[in-house]
Structure formats: C-alpha cells, structure tokens
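Here's a quick briefing to read alongside the structure. Keep the viewer open and click through the residues as they come up.

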Amino acid sequence: MKLEKLIGGSNERNEQAIEELLRRSHRRLDHALKAMRRPEAAVGVVNSSLGDLLVALSERGIVLVHYLLGGDDLESAIAKLRLALDLVEDRSKIKEVGAEIRSYLAGDADALRRDADLTLAPTPFQKKILHKLQEVPRGAVVSYQALGAAAGAPKGARAVGNALHNNPVPIYVPCHRVIASDGGLGGYGGGIARKLSLLRSEGFALGKTDEKLPDSVVWGHKGTRIFCRSTCHTTARVDRTKIMFFADPGEARQAGLRPCKICRP
Amino acid sequence: MASPKLQLPLPFEQILRRYEREIMRYLLRASGDRDDAADLFQETWLRAYRAYPRLEAHREIRPWLYAIAVNLCRNRARDGARRMRVIVADNQQNSAAERARKTHPSHNENEGYAKVRLGELLSTLPEKQREALQLRYFGGLDYPEIAEIMKCSQPAARANVSQALRKLKTLW
C-alpha cells in the first residue's frame with residue numbers, strides 16, 4: 001500500500017469507528033461537563049436615562065448591572081463576565097429587566113421586582129455588606145460608617161467603600177444610598193451625576209451640582225426610632241453609626257419612625 | 001446615540017458540535033488506539049471548556065482546539081514512554097527504533113500491516129516533525145494553523161512536515 005494514500009485520506013471503516021466512538025463518548029463527556037459547568041446567564045444591553053447598561057440575569061436574579069462608559073468597556077466587561085458565567089442571549093428577558101429599570105428611574109417605587117444575585121461579589125465580607133445594604137429603603141441613605149457598623153465592622157468605613165466599589169449589581173443593590181458621614185455625597189462607580197439622578201428619582205431634593213444632602217432631610221435614629229430635623233440640637237451629639245437620613249418626614253414615617261418632640265419635623 | 005453592539009462568544013455547545021468529529025478523527029489517527037482516543041477526546045473537551053473563557057475574542061477556535069489535543073497527545077506519549085522504560089529490560093530498549101529499521105516485504109500488500117508499520121515509523125520521528133505531519137495529514141490543517149498550534153513560523157512548520165515525509169519515505 002502506498003505511503004501517501006495511507007497517511008492522506010481517511011477510509012470508511014475509520015469513519016464508522018469515529019461515529020461509534022462519538023456515541024460512546026457523548027454521555028461520558030456530558031456527565032463530566034455537568035460537574036464543572038459555570039452558571040448560565042442571559043446578557044444584553046439596556047438603554048436608560050442613566051445611559052447604556054450591560055445587564056446579566058441568572059436563574060437566581062440579576063447578576064450584573066454595569067454602566068457602559070464607552071470605548072472598549074463592553075468587550076472588557078464581557079471578557080471578565082465570561083470567566084464566571086456561561087453567557088447566552090435572551091432578548092426578551094433582558095427587555096423585561098430594561099423596562100423594570102426604566103420605570104424605576106421614572107419614579108415607580110415597586111418597579112424592581114427581581115432579586116439581586118450576589119454571585120460576583122468578590123469576598124464573603126463584601127457580600128455581607130451588600131446584603132445589609134439591601135435593607136436601606138428607597139428614600140433613605142446611610143453613611144459608610146453606619147453601614148459598616150450595621151454589618152459588624154464599625155471601623156470599616158473604607159472597607160465598606162471597597163465593597164460598594166465592587167458592587168456587581170448597582171441600582172438593584174442600592175449602593176447609591178450610601179454617603180459620607182458629614183452629609184457629603186461621596187463617590188459613585190458610574191460617576192457622581194448618576195448617583196445624584198438616582199437619589200433625585202428616589203425623592204431627594206438635589207440639584208445637579210449639589211455636593212451635600214439638602215437641609216430638608218431628616219435624621220432617623222435606628223435605636224430610638226425617632227426622627228429629627230437636621231437643625232435639631234439633639235443631632236449634634238448623636239451616635240452617627242445609628243443614623244439613617246430620610247428624604248422627607250413622610251419617608252421616615254413610612255419606615256415606622258416617630259417625629260421628635262423638640263424640633264417637631 | 002446608538003447603543004453598543006453586543007457580540008457574545010459562541011456558545012461552547014456549538015463549538016463542541018462543530019468540531020467533535022474532526023477532533024475525534026485526529027485523536028484516533030494520532031493515537032492509533034480507540035480507548036486512548038476516547039480518553040483523549042474527553043480530556044480535550046474538558047480542558048477546552050475550562051479554558052474557553054480565557055480564549056481571546058479575536059483568536060481562531062480551530063487551531064486552539066488542536067493545540068489542546070496535540071499537547072494532550074504529547075503528554076500521553078511521554079507518560080507511555082516513561083512506563084515503558086520501567087517495564088522493558090535493558091536489552092529490549094530501542095526496540096521500536098530497531099523494528100523500524102528492519103524492512104518488511106509484506107506491507108505493500110497488507111493494509112492492516114501497513115498501518116502498524118506506519119505507526120512504528122511515526123514513533124521514531126522527532127516530536128515536532130511527527131506532530132506537524134499528523135496535523136497536516138490527519139487533521140488536514142493548513143500551514144498558518146499548524147504554525148499557530150506549534151508556536152513556530154510558517155516556513156518552520158512546512159519544513160517539519162516535509163522532513164518528516166522524507167524520512168518516512170526512505171524508511172518505507
């Protein structure tokens with residue numbers, strides 16, 4: 001038999017053997033792959049008043065909301081996301097998420113119906129911070145310090161900042177509701193303008209260039225369940241790790257607090 | 001402003017379906033043994049799945065898959081050689097090379113025997129030449145692909161294949 005013919009083409013018997021081998025291998029391979037599968041997630045780009053958002057949705061909820069800042073941001077975000085998840089396209093589901101986000105930003109308080117899936121939070125501590133943060137209601141903000149204290153790390157304001165920086169699901173996990181202890185607005189992953197417009201949509205009377213919370217906010221105390229005007233003299237010596245700021249007295253009442261009898265907000 | 005166009009990587013299942021047949025064909029011919037081929041096939045795809053997220057978007061999938069398969073074949077051949085060294089006694093070493101040197105008058109007629117003989121001859125080739133030859137003739141890849149898989153230049157890939165072929169012809 002000629003050498004060229006032998007190493008060149010494949011013959012029919014070989015092809016039969018291949019089919020047979022493939023049949024045998026499929027089940028074994030499926031079984032082995034199942035054990036190492038990455039979770040699946042639908043991804044898509046969503047338009048909103050905050051600009052374009054890359055959104056990923058797993059079986060358990062929203063895994064990722066990412067502000068697209070232009071350039072090759074989308075490619076690098078996808079490349080990073082692929083490491084943890086198997087990405088699939090599912091336009092209808094992503095459309096629903098887009099509608100949720102848009103109507104939330106337009107002022108519908110109950111629009112965000114899906115849960116956040118914190119799979120992509122890097123550490124257990126950060127996951128805990130983000131869990132705790134979900135207890136801060138719409139229309140309220142807390143300080144980094146207070147959030148740290150609530151999660152059992154009263155000296156961990158910086159660590160809280162890191163956790164929020166790594167928040168994989170902004171908007172759904174409301175990291176825009178965290179500010180500096182002195183009432184300054186702090187920073188935001190998507191830029192301070194987005195933080196401002198989110199807080200505005202949640203009822204805070206903020207201008208486009210404000211750097212501090214307005215004086216109209218009331219201070220709510222988590223321990224006493226009392227809320228005061230920001231000008232009340234009691235606020236001067238209060239334990240700030242227990243304070244939550246509300247956009248107006250109505251929001252504070254809704255959260256189950258009673259007005260202070262001294263400043264009568 | 002138009003929203004950016006989302007370009008998702010191919011789903012892994014699609015890659016599997018598209019390339020499984022040719023990968024299996026390659027592995028079967030390169031290893032010459034069905035059980036070995038089945039094992040290598042499994043390992044190739046598991047590795048591919050694990051590494052797939054790290055494959056950059058602009059890279060070609062086919063050479064990347066073959067590179068995994070080739071590396072696995074090479075590892076398996078080395079392990080095999082190591083095991084052989086332990087078992088085979090001193091006076092039987094190099095038996096593959098010796099057998100390859102002997103001439104066999106009957107392989108011109110007998111197809112089954114010709115295959116065995118080809119396997120023997122291939123095992124005497126240097127690793128690079130053997131792999132290049134197998135990729136070219138068993139896998140049917142072109143030279144740019146072979147160069148990418150073997151991390152060498154195209155002329156080097158070409159040279160490896162032609163030298164391998166020449167050696168085989170002199171021994172045949």
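Ser153(B) is partly exposed, because its relative accessible area is 40%, and it belongs to the loop joining H7 and H8 of chain B. Bear in mind that this is a predicted model. From that loop, the notes below move on to chain B overall, its core, two helix crossings and a pair of cysteines.

**The H7–H8 loop of chain B**

- Ser153(B) and Tyr143(B) are 10 residues apart along the sequence, and their C-alpha atoms are 9.1 Å apart in space.
- Lys151(B) is also found in the loop between H7 and H8 of chain B.
- Is Lys151(B) buried or exposed? It counts as exposed, because its relative accessibility is 76%.
- Lys151(B) has a positive phi, near 55°, even though it's a residue other than glycine.

**Another positive phi, in chain A**

- Most residues other than glycine have a negative phi.
- Arg225(A) is not a glycine, yet its phi is positive at about 60°.
- You'll find Arg225(A) in the loop between strand S7 (218-221) and strand S8 (226-229) of chain A.
- With a relative accessible area of 38%, Arg225(A) comes out as partly exposed.

**Chain B at a glance**

- Chain B has 8 helices and 0 strands, so reading from the N terminus the elements go α-α-α-α-α-α-α-α.
- Of the 172 residues in chain B, 41% are buried.
- Take the contacts in chain B with a separation of 6 or more: 62% of them come from residues 24 or more positions apart.
- One pair to click on is Leu118(B) and Leu171(B), which sit 53 residues apart in sequence but 9.9 Å apart in space, C-alpha to C-alpha.
- Leu118(B) is part of helix H5 of chain B, and it is buried, with a relative accessible area of 4%.

**The nonpolar cores**

- In soluble globular proteins, nonpolar side chains tend to be buried together.
- Which residues touch the most other members of the largest nonpolar core, which has 56 residues? They are Tyr26(B), Leu27(B), Trp45(B), Trp64(B), Leu65(B) and Leu135(B).
- Both chains feed this core: helix H2 (12-36) of chain A gives two or more residues, and so do several helices of chain B, including H1 (12-31), H2 (34-51) and H5 (111-124).
- H3(B) supplies the largest share of this core, with 10 residues.
- A second, separate core has 44 residues, among them Leu57(A), Ile101(A), Leu133(A) and Ala140(A).
- Back in the largest core, Leu135(B) is worth a click: leaving aside neighbours within four places in sequence, its contacts include Tyr26(B), Tyr66(B), Val70(B), Ile146(B) and Met150(B).

**Two helix crossings**

- Two packed helices are described by the angle between their axes and the distance between the axes.
- In chain B, H6(B) packs against H8(B) at about 95°, with the axes 8 Å apart, so H6(B) is roughly perpendicular to H8(B).
- On the H6(B) side, the contact uses Lys128(B), Gln129(B), Ala132(B), Leu133(B), Arg136(B) and Tyr137(B).
- From H8(B), the residues in that contact include Ala157(B), Val161(B), Leu165(B) and Leu168(B).
- By class, the H6(B) contact with H8(B) has 8 nonpolar, 3 polar and 3 charged residues.
- Over in chain A, the axes of helix H5 (residues 124-133) and helix H7 (residues 157-165) come within 9 Å and cross at roughly 85°, so H5(A) is roughly perpendicular to H7(A).
- H5(A) brings Phe125(A), Gln126(A), Ile129(A), Leu130(A) and Leu133(A) to the contact, while H7(A) brings Ala159(A), Val160(A), Asn162(A), Ala163(A) and Leu164(A).
- The contact of H5(A) with H7(A) has 8 nonpolar residues, 2 polar ones and no charged ones.

**Cysteines**

- How many disulfides are there over all chains? The count is 0.
- Cys228(A) is in no disulfide, and the nearest cysteine sulfur, in Cys260(A), is 3.8 Å away.
- The sulfur of Cys260(A) isn't bonded to that of Cys263(A) either, because 3.7 Å is too far for a bond; a disulfide needs the sulfur atoms within 2.5 Å.
- Cys228(A) is buried, at 10% relative accessibility, and Cys260(A) is buried with a relative accessible area of 7%.

Terms used: Residues are numbered from 1 along each chain as its sequence is written. Chains are lettered from A and ligands numbered from 1 in the order in which they are written. This is a predicted model: local features need pLDDT of at least 70, side-chain atom pairs count only at pLDDT 80 or more; totals for chains, interfaces and linings use all residues. Side-chain values use heavy atoms; hydrogens and water are left out. Axes are lines fitted to C-alpha atoms, for helices over the stretch in contact, and angles run from 0 to 180 degrees between N-to-C directions. Helices (H or I, at least four residues) and strands (E, at least two) are DSSP runs, numbered from the N terminus. Angles under 35 degrees count as roughly parallel, over 145 as roughly antiparallel, 65 to 115 as roughly perpendicular and the rest as oblique. Contact means heavy atoms within 4.5 Å. Ala, Val, Leu, Ile, Met, Phe, Trp, Tyr, Cys and Pro count as nonpolar, Asp, Glu, Lys and Arg as charged, and the others, Gly among them, as polar. Buried means under 20% relative accessible area, exposed over 50%, partly exposed in between (1.4 Å probe, protein chains only). A nonpolar core is a set of buried Ala, Val, Leu, Ile, Met, Phe, Trp, Tyr and Cys residues joined through side-chain atoms within 4.5 Å.
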